[in-house]
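The following briefing sets out the fold and packing of a single protein chain. Please read it alongside the sequence and the coordinates.

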Amino acid sequence: MSADPSEKSFADYPSATTGSERRVFLVVVDDTEEMEVALRFACGRAAHTGGRVALLHVLEPNDFQNWMAVGDLMRQESRAEAEKLLQRYAAKAQDWSGSTPILFLREGQRHDELIRLIQEEPAISILVLGASTGQGGPGPLISALTGKLVGKLRIPMTVVPGNLSDSDIASIV
């Protein structure tokens with residue numbers, strides 16, 4: 001410990017692997033290749049540090065609000081597909097991390113729901129996103145979160161390049 005009693009060293013903070021203090025790595029689930037790379041990275045970090053993975057999928061509003069019956073049917077179908085997607089990646093997350101992930105399914109604008117979830121869930125400690133390596137840039141969510149929304153994050157964000165191989169990830173987790 002340093003001479004100044006107001007300064008703390010890392011040894012003064014609780015371990016990330018004890019009880020409710022476990023790190024929770026949040027991954028936003030979609031159907032992109034870079035998301036799966038981010039998930040593999042988050043699972044590796046969770047397994048290595050005794051943490052846990054959380055998965056968020058956000059159903060964005062459809063354009064059929066005026067046709068209520070059509071909009072309701074589309075919403076039900078979208079929700080069923082979202083639940084299948086979450087279950088598929090939950091199984092992978094459990095295999096890769098060794099623990100059952102926490103699942104969140106929300107409706108709204110993706111970046112709004114992500115910020116809201118992070119604010120509501122104090123256990124979430126790290127946001128892990130996969131960046132597209134194509135010419136279109138890293139992706140709209142990363143662009144928004146590293147731009148005007150960066151001040152709304154209360155946790156660190158890890159951006160994982162979407163072109164990392166399994167061996168690349170294994171060497172850095």
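Of the 173 residues in the protein chain, 36% are buried, where buried means under 20% relative accessible area, exposed over 50%, and partly exposed in between (1.4 Å probe, protein chains only). The chain is a predicted model, in which local features need pLDDT of at least 70 and side-chain atom pairs count only at pLDDT 80 or more, while totals for chains, interfaces and linings use all residues. Residues are numbered from 1 along each chain as its sequence is written, and side-chain values use heavy atoms, with hydrogens and water left out.

**Confidence**

- The mean pLDDT (the predictor's confidence in each residue, from 0 to 100) is 86 for the protein chain, and 82% of the residues reach 70 or more.
- Residues 8-20 have pLDDT below 50, and this stretch has 14 contacts in the model beyond near neighbours in sequence; a contact means heavy atoms within 4.5 Å.
- Among the elements of the chain, strand S1 (residues 24-28) has the highest mean pLDDT, 98, and helix H2 (residues 68-97) the lowest, 88.

**Overall architecture**

- Five helices and five strands are found in the protein chain; these are DSSP runs numbered from the N terminus, helices being H or I with at least four residues and strands E with at least two.
- Along the sequence, the elements follow the pattern β-α-β-α-β-α-β-α-β-α.
- Of the contacts between residues at least 6 apart in sequence, 73% join residues at least 24 apart.
- The accessible surface amounts to about 10100 Å², with 51% belonging to carbon and sulfur atoms; the areas come from the Shrake-Rupley method with a 1.4 Å probe, and for residues only the protein chains shown count as cover.

**The sheet**

- Five strands form an open sheet in the order S3-S2-S1-S4-S5, with parallel pairing; two strands pair if DSSP finds at least two bridges between them.
- Strand S3 (102-107) and strand S5 (157-161) are the edge strands, each pairing on one side only.
- On average, neighbouring strands of this sheet are turned by 25° against each other, direction ignored.
- S1 pairs with strand S2 (residues 52-59) in the parallel sense over five bridges.
- Leu26 has Ala54 of S2 as its bridge partner, and Val24 stands opposite Arg52 in S2.
- Seven of the eight residues of S2 are buried, leaving this strand mostly covered.

**Helix H1**

- Helix H1 (residues 33-49) has 17 residues and reaches 25 Å from its first C-alpha to its last, close to the expected 24 Å; the expected span is 1.5 Å times one less than the number of residues.
- H1 packs on the sheet, touching S1, S2, strand S4 (124-131) and S5, and its direction makes about 175° with that of S1; axes are lines fitted to C-alpha atoms, for helices over the stretch in contact, and angles run from 0 to 180 degrees between N-to-C directions.
- H1 is mostly covered, with 12 of its 17 residues buried; among them are Met35, Val37, Leu39, Phe41 and Cys43, together with the charged-type names Glu34 and Arg45.
- Gly50, just after H1, takes a positive phi of about 75°.

**Helix H3**

- Helix H3 (residues 110-120) lies across S1, S2, S3 and S4 and runs at about 135° to S3.
- Glu113, Leu114, Ile115, Leu117 and Ile118 are the buried residues of H3, and their cover includes S1, S2, S3, S4 and helix H4 (140-146).
- Leu117 lies in H3 and counts as buried because its relative accessibility is 0%.
- Leaving aside neighbours within four places in sequence, Leu117 is in contact with Leu26, Leu56, Phe104, Arg106 and Ile124.
- Between Leu117 and Phe104 the C-alpha to C-alpha distance is 8.7 Å, at a separation of 13 residues in sequence.
- His111 also has its place in H3, but this residue is partly exposed, with a relative accessible area of 28%.
- Residues up to four places away in sequence not counted, His111 touches Leu141 and Leu149.
- His111 and Leu145 lie 34 residues apart in sequence and 7.7 Å apart in space, C-alpha to C-alpha.
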